[in-house]
Amino acid sequence: LAMRSKLLILIITAIWGASCSSLLVGFTPSSYCEDKIIELIDDSEESIDVAVYSINNQNIVDALTKAHGKGIKIRILTDRLQASGKSSRVKELWSKGLNIKVHSKFKIEHNKFAIYDGKTISTGSYNWTNPASSKNSENCIFISNDRKTVSEYQNRFDYLWKINSKQKSDKWFQKRLEKQNN
């Protein structure tokens, strides 16, 4: 009987754990979204996939660089026009060896989501920028323990990653670096 009870408890725990997702919501201006994204980057052990419109938040860039240095597999897809901006930190990340593509499909890459270790996602209107934390009215949502939702985001990221050319992206970066050095 004791063995059956333990087995039943394990089954209930597995079912309960699989069906209970965690949802956190934040709004800016505040540092909440930035802090939570950095926490998720810092806590990642295997992979981080990012589709984001704009990146210039140095704290997030530093966290991504640190994660890359620890051997975390990072893929970033971002908007080509935003990456061209003076405040963009995309070229900095690319020059440090992070796997980054600027989009070559669709008019703009306006997504703002990331997947951490295939378990948690961040999404919402929050751009990974300084104004998003300090000046703008934006939102962020963090979803954990929801396999279906995480899988949908992962499938979308994988699709976007596949259709955007690494070759075109690397040419774009090299062209920008040549201009910068001349």
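The following legends describe close-up views of a predicted model.

**View 1. The chain as a whole comprises eight helices and seven strands.**
Of the 182 residues in the chain, 41% are buried. Among contacts between residues at least 6 apart in sequence, 76% join residues at least 24 apart.

**View 2. An open sheet is formed by seven strands with mixed pairing.**
The strand order is β1-β7-β6-β5-β2-β3-β4. Strands β1 (22-27) and β4 (99-102) form the edges, each pairing on one side only. On average, and with direction ignored, neighbouring strands of this sheet are turned by 10° against each other.

**View 3. Strand β2 (residues 47-52) pairs with β3 in the parallel sense and with β5 in the antiparallel sense.**
The pairing of β2 with β3 (residues 73-78) extends over six bridges, whereas the pairing of β2 with β5 extends over five bridges. On the β3 side, Ser47 has Lys73 as its bridge partner, and Val50 stands opposite Ile76. On the β5 side, the bridge partner of Val50 is Ala114. Val50 can therefore be followed into both neighbouring strands, through Ile76 in β3 and Ala114 in β5.**View 4. Both faces of strand β2 are covered.**
On one side lie Ser47, Asp49 and Ala51, and on the other Ile48, Val50 and Val52; all of these residues are buried. In general, the side chains of a regular strand alternate between the two faces of the sheet. Because six of the six residues of β2 are buried, this strand is largely enclosed by the rest of the structure.

**View 5. Both faces of strand β5 (112-116) are likewise covered.**
Lys112, Ala114 and Tyr116 are buried on one side, and Phe113 and Ile115 are buried on the other. Strand β5 is largely enclosed by the rest of the structure, because five of its five residues are buried. Besides its pairing with β2 over five bridges, β5 runs antiparallel to β6, to which three bridges join it. Ala114 has Ser122 as its bridge partner in β6.

**View 6. The hairpin of β5 and β6 contains a residue with a positive phi, Asp117.**
Three residues lie between the two strands of this hairpin. Asp117, located in the loop between β5 and β6, has a phi near 55°, a positive value in a residue other than glycine. The relative accessible area of Asp117 is 17%, and the residue is therefore buried, the cut-off for this class being under 20%.

**View 7. Helices α2 (residues 32-43) and α3 (residues 58-69) have axes that come within 9 Å.**
The two axes cross at roughly 5°, which means that α2 is roughly parallel to α3. From α2, the residues Glu34, Ile37, Ile38, Ile41 and Asp42 take part in the contact; they meet Asn59, Ile60, Ala63, Leu64, Lys66 and Ala67 of α3. Seven of the residues in this contact are nonpolar, one is polar and three are charged.

**View 8. Helix α2 lies across five strands, namely β1, β2, β5, β6 (120-123) and β7 (139-144).**
The helix runs at about 30° to β7. Its 12 residues reach 16 Å from the first C-alpha to the last, close to the 16 Å expected at 1.5 Å a residue. The buried residues of α2 are Cys33, Glu34, Lys36, Ile37, Ile38, Leu40 and Ile41. Among them, Glu34, Ile37, Ile38 and Ile41 also meet α3.

**View 9. A cis peptide bond joins Thr28 and Pro29.**
The omega angle of this bond is about 15°. Pro29 is placed in the loop between β1 and α2.

**View 10. Phe106 has a positive phi in the loop between β4 and β5.**
The phi of Phe106 is near 65°, and the residue is other than glycine. With a relative accessibility of 47%, Phe106 counts as partly exposed. Phe106 is also one of the residues touched by Ile163.

**View 11. Ile163 of helix α7 (residues 147-163) touches Ser104, Lys105 and Phe106.**
These contacts do not count residues up to four places away in sequence. Ile163 and Ser104 are separated by 59 residues in sequence, while their C-alpha atoms are 8.0 Å apart in space. Ile163 counts as partly exposed because its relative accessibility is 22%.

Conventions:
Residues numbered from 1 in each chain as written. Predicted model: local features only at pLDDT ≥ 70, side-chain atom pairs only at ≥ 80, totals over all residues. Heavy atoms only, no water. Axes fitted to C-alpha atoms, helices over the stretch in contact; angles between N-to-C directions. Parallel < 35°, antiparallel > 145°, perpendicular 65-115°, else oblique. Contact = heavy atoms within 4.5 Å. Nonpolar A, V, L, I, M, F, W, Y, C, P; charged D, E, K, R; others polar. Expected span 1.5 Å × (residues − 1). Buried < 20%, exposed > 50% of the residue type's maximum accessible area, 1.4 Å probe, protein only. Pairing = 2+ DSSP bridges.
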